[in-house]
Amino acid sequence: MFEDCHSLYSLDLSNFKTANVSLMKYMFNRCYNLTFINISNFNTSKVRKMDNMFNSCINLITLNLSNFDTSNLISMENMFYNCNSLIYLNIYSFKITEGNNIPINNSFYGLNPNVTYCIHDEYTKYYLLKPDNYFICSDTCYKESNIIKD
């Protein structure tokens with residue numbers, strides 16, 4: 001939808017109606033100059049794929065996805081790939097149940113090593129942030145001290 005919109009700096013999509021959306025792939029892919037996005041009211045309960053959703057949003061500083069319902073998600077590969085200015089990532093509502101492992105290849109590759117994650121569920125934390133999901137990323141990409149829990 002906004003893929004390759006290099007002139008976007010800020011977006012307020014809080015009034016977007018997304019209840020019937022099933023694909024959010026490439027939605028903000030390569031929006032290089034985007035620094036702020038409000039998607040606080042996105043209804044993602046029917047979304048199946050979020051691959052490359054924020055890929056290479058290199059100037060995005062904070063991202064609050066605490067309202068995202070990931071219960072029907074089957075893939076989120078490269079979702080936050082190379083968001084290297086991101087210092088706060090709230091994925092508090094993300095829930096991945098054991099046995100429902102979804103492809104997340106490179107989703108957290110290239111993130112700022114000091115990014116703070118807000119995650120609620122222990123299995124989701126383990127699954128999303130385990131080091132082998134970073135592939136060639138350095139050990140600093142995931143630090144227990146960067147996790148905010150209840």
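Within the largest nonpolar core, which holds 38 residues, the members that touch the most other members are Phe28, Met53, Phe54, Leu65, Met76 and Phe80. The model in which this core is found is a predicted one. In soluble globular proteins, nonpolar side chains tend to be buried together. Phe54 shows how such a core member is surrounded: once residues up to four places away in sequence are set aside, Phe54 touches Phe28, Ile39, Leu60, Leu63, Leu65, Met79, Phe80, Tyr81 and Cys83. Two of these partners, Phe28 and Phe80, are themselves named among the core residues that touch the most other members.

The chain around this core can be described by its elements, of which there are one helix and six strands. Read from the N terminus, these elements follow the order β-β-β-β-β-α-β, and buried residues account for 45% of the 150 residues in the protein chain. Of the contacts between residues at least 6 apart in sequence, 81% join residues at least 24 apart. The protein chain exposes about 7,200 Å², and 50% of that area is supplied by carbon and sulfur atoms.

The aromatic rings offer specific examples of contacts between separated parts of the chain. The count of aromatic pairs comes to nine. In one of them, the ring centres of Phe42 and Phe68 are 6.4 Å apart and the ring planes stand at 10°, so the pair is classed as stacked, the limit for that class being planes under 30 degrees apart. Phe42 belongs to the loop between E2 and E3, whereas Phe68 belongs to the loop between E3 and E4, so this pair ties together parts of the chain that are 26 residues apart in sequence. Both partners are buried, with a relative accessibility of 3% for Phe42 and of 1% for Phe68.

A second example, Phe80 with Phe108, has another geometry: the pair is tilted, with 5.5 Å from centre to centre and 35° between the planes. Because Phe80 lies in the loop between E3 and E4 while Phe108 lies in the loop between E4 and strand E5 (116-118), the pair ties together parts that are 28 residues apart in sequence. Phe80 and Phe108 are both buried. Taken as a group, ring pairs link Phe2, Phe16, Phe28, Phe42, Phe54, Phe68, Phe80, Phe94 and Phe108 into a cluster, and that cluster includes Phe28, Phe54 and Phe80, which are also named for their many contacts in the nonpolar core.

Phe2, another member of the ring cluster, is found in the segment before E1 and is buried, with a relative accessible area of 13%. Apart from its neighbours within four places in sequence, Phe2 is in contact with Leu8, Leu11, Leu13, Phe16, Met27, Phe28 and Cys31. Phe2 also has a C-alpha to C-alpha distance of 8.8 Å to Arg30, although 28 residues separate the two in sequence.

Arg30 leads from the aromatic rings to the charged side chains. Side chains of opposite charge can pair when their charged atoms come close. A search of the whole structure finds two salt bridges. In one, the side chain of Glu3 meets that of Arg30 with an N to O distance of 3.4 Å; since Glu3 lies in the segment before strand E1 (10-12) and Arg30 in the loop between E1 and strand E2 (36-38), the pair ties together parts that are 27 residues apart in sequence. In the other, Asp4 forms a salt bridge with Arg30, and the closest N and O atoms are 2.7 Å apart. This pair likewise links distant parts of the chain, with Asp4 in the segment before E1 and Arg30 in the loop between E1 and E2, 26 residues apart.

Glu3, Asp4 and Arg30 are thus linked in a network of salt bridges. Each of the three counts as partly exposed, at a relative accessibility of 33% for Glu3, 32% for Asp4 and 29% for Arg30, whereas Phe2, from the segment before E1, is buried.

A last position to consider is Thr70, which lies in the loop between strand E3 (62-64) and strand E4 (88-90). Thr70 counts as buried because its relative accessibility is 7%. Beyond residues up to four places away in sequence, Thr70 touches Ser93, Phe94 and Lys95, and Phe94 is one of the residues in the ring cluster.

Conventions. Residues numbered from 1 in each chain as written. Predicted model: local features only at pLDDT ≥ 70, side-chain atom pairs only at ≥ 80, totals over all residues. Heavy atoms only, no water. Salt bridge = Lys/Arg side-chain N within 4 Å of Asp/Glu carboxyl O. Helix = DSSP H or I, 4+ residues; strand = E, 2+ residues; numbered from the N terminus. Buried < 20%, exposed > 50% of the residue type's maximum accessible area, 1.4 Å probe, protein only. Core = buried A, V, L, I, M, F, W, Y, C linked by side-chain atoms within 4.5 Å. Contact = heavy atoms within 4.5 Å. Areas by Shrake-Rupley, 256 points an atom, 1.4 Å probe, with all protein chains shown as cover. Phe/Tyr/Trp six-rings, centres within 6.5 Å; stacked < 30°, edge-to-face > 60°.
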